[in-house]
Amino acid sequence: MSNPPRLGFGIIGVGMIANYHCLAIREAKGAHLVGVAARTAESVKVFAEKNAVNFSTTDVEALVNRSDIDVVCITTPSGSHLEPALAAIRAGKHVIIEKPIEINLERADALLAAADKAGVKVAAIFQSRFGQGARTVKRAIDEGRLGRLVLTSAYVKWHRTAQYYTGWKGSLKIDGGGALMNQGIHAVDLLQWFVGLPAEVSGYVSRCVHTGIEAEDTASAALRFASGALGTIEASTALWPGWSRRIEICGEKGSICLEDDRIVKWEFLETKPEDDLIRNAPLDEKMRSGSGAPNQISHYGHLLQIQDMIDAIQEKRPLAIDGRAGRNAVALIRAIYDSAARKCPVSL
Ligand SMILES: NC(=O)c1ccc[n+]([C@@H]2O[C@H](COP(=O)([O-])OP(=O)(O)OC[C@H]3O[C@@H](n4cnc5c(N)ncnc54)[C@H](O)[C@@H]3O)[C@@H](O)[C@H]2O)c1
């Protein structure tokens, strides 16, 4: 049987994470990068030359309306995802959108409604869900190996320099928040993927060190789940040196701790033969999170997620993480911000 034709990709936004999309598209099976767009002529030209991309433009419409483009990656700053995504969706293109899908639910829902109307796919980037460790944890929870869940928590104790906070980073209008909306969101997404959204949250936010930014550099929240389980989310970019992201899921029959993508605790009342192997598996360096700096991650997770989009289109099947799944983390973070602002618990 012959291979299906390769899908053409475009990228809008040519900053740090666009490089990861570019590498991932190049390595994915069944894809090729057709063109890139960004606001300034100089930056888009430099990116296109560096990455040997034939078509570059400052006109988003010119990119998304190319007939040889099927999928558009949106890698603009977080609060500027909606407009280029709408342009691509209206041109009938599938979109892959960086996290967070948007910075609030109104903008996220406008994007999702437009995609439904156009009948195109929306993938929300959460590359950590593709790690072997994360998938193993998810399977154990879904199989009921932990029994009734008791405490489910996520900790993101990271470091960012003062220099990191230039431009849109830490601004309310474009970043939409700080340590939670930008850095902690991967852990928030993993936690809600593992155990579902809580029924209620009580949140606090603070600017401990990066006092020049508008958003929080530190946040904490208490979670109450409908099942009776409780939990905690902590996120910061203010501390030093920054530790690996940690997610702890503890139940009546077993407890797990995931550090980055490495399972460091894997303990069950009822054991299985494969448990020793899982417990001693080394961290796949390609799935390390950015505890000390944003460029510590590899493009491997993006490659797996971009491959999922290609395969989902070819096989006419749903995506591993669609836009609605990506919306959950935004809903939870916004509820924490709302609780912090109103100084009271908030229901989801
Ligand atoms: N998945 C991850 O682990 C990960 C890591 C880092 C960043 N991100 C996400 O990627 C997105 C971009 O982050 P970054 O660090 O690459 O930012 P960046 O500032 O390095 O790059 C943003 C790019 O978008 C361009 N741009 C800005 N507004 C635009 C507009 N309206 N139209 C077209 N182009 C525009 C800028 O010129 C720049 O080229 C953010 O949503 C961020 O949260 C994800």
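## Ligand shell

The shell around the ligand is made up of 11 nonpolar, 10 polar and 3 charged residues. The model is a predicted one, and the ligand in it is surrounded by 24 residues. G13, G15, M16, I17 and E98 are the closest of these. Helix α1, which spans residues 16-27, supplies the largest share of the shell, with 3 residues.

Helix α1 also has an inward-facing set of residues: I17, A18, Y20, H21, C22, A24 and I25 are buried. I17 is thus listed both among the residues closest to the ligand and among the buried residues of α1. The elements that cover the buried residues of this helix include strands β1 (7-12), β2 and β4 (71-74) together with helices α2 (41-50) and α9 (300-315).

## Overall architecture

The chain contains 10 helices and 14 strands. Its radius of gyration is 20 Å, close to the 20 Å that the globule rule gives for 348 residues, so the chain is as compact as a globular protein of that length. Along the principal axes, the C-alpha atoms fill a box of roughly 55 × 55 × 40 Å.

Of the 348 residues, 50% are buried. Contacts that span long stretches of sequence are well represented: among contacts between residues at least 6 apart in sequence, 70% join residues at least 24 apart.

## Domains and their contact

Two domains are assigned, with domain 1 covering 7-120 and domain 2 covering 128-292 + 329-347. The C-alpha centres of these domains are 28 Å apart. Domain 1 contributes 12 residues to the contact, and domain 2 contributes 12 residues. On the side of domain 1 that touches domain 2, there are 6 nonpolar, 4 polar and 2 charged residues.

## Nonpolar core

The largest nonpolar core holds 100 residues, of which F9, V95, I97, V188, I333 and I336 touch the most other members. Helix α7 (residues 179-195) provides the largest share of this core, 10 residues. Both domains take part, since at least three core residues come from each of domain 1 (7-120) and domain 2 (128-292 + 329-347).

The surroundings of I333 illustrate how the core is connected. Setting aside residues up to four places away in sequence, I333 touches G177, L180, M181, I185 and V188. V188 is itself one of the core residues that touch the most other members.

## Two buried strand positions

G35 lies in strand β2 (residues 31-37). G35 counts as buried because 23 C-beta neighbours are found inside 10 Å, and the cut-off for burial is 20 or more. Apart from residues up to four places away in sequence, G35 touches G10, V53, N54, F55, S56, T57, L63, R66 and I69. One of these partners, V53, is 18 residues from G35 along the chain, and the two C-alpha atoms are separated by 6.0 Å.

I247 belongs to strand β11 (residues 246-251). I247 is also buried, because 26 other C-beta atoms lie within 10 Å of its own, against a cut-off of 20 or more. Beyond its neighbours within four places in sequence, I247 is in contact with A154, A187, L190, L191 and L258. I247 and S153 are 94 residues apart in sequence, yet their C-alpha atoms are 5.7 Å apart in space.

## Backbone exceptions in loops

Most residues other than glycine have a negative phi, and most peptide bonds are trans. Several positions in the model depart from this pattern, and their locations are set out here.

K99 and P100 are joined by a cis peptide bond with omega of about -15°. P100 is placed in the loop between β5 (94-97) and α5 (105-118). A further cis peptide bond runs from W240 to P241, with omega near 5°. P241 is placed in the loop between β10 (230-236) and β11.

K316, which is not a glycine, has a positive phi of about 50°. K316 sits in the loop between α9 and α10 (323-342) and is exposed, with 6 other C-beta atoms within 10 Å. K343 likewise has a positive phi, near 55°. K343 is located in the loop between α10 and β14 (346-347), and K343 is exposed, with 9 other C-beta atoms within 10 Å.

How values were computed. Residues are numbered from 1 along each chain as its sequence is written. This is a predicted model: local features need pLDDT of at least 70, side-chain atom pairs count only at pLDDT 80 or more; totals for chains, interfaces and linings use all residues. A nonpolar core is a set of buried Ala, Val, Leu, Ile, Met, Phe, Trp, Tyr and Cys residues joined through C-beta atoms within 7 Å. A residue is buried if 20 or more other C-beta atoms lie within 10 Å of its own, exposed if 12 or fewer, and partly exposed in between; C-beta atoms are placed from the backbone. Helices (H or I, at least four residues) and strands (E, at least two) are DSSP runs, numbered from the N terminus. Domain bounds come from an automatic or database domain assignment. Two residues are in contact if their C-beta atoms, placed from the backbone, lie within 7 Å. A residue is near a molecule or strand if its C-beta atom, placed from the backbone, lies within 6 Å of it. Ala, Val, Leu, Ile, Met, Phe, Trp, Tyr, Cys and Pro count as nonpolar, Asp, Glu, Lys and Arg as charged, and the others, Gly among them, as polar. The radius of gyration is taken over C-alpha atoms; the globule rule is 2.2 Å times the number of residues to the power 0.38.
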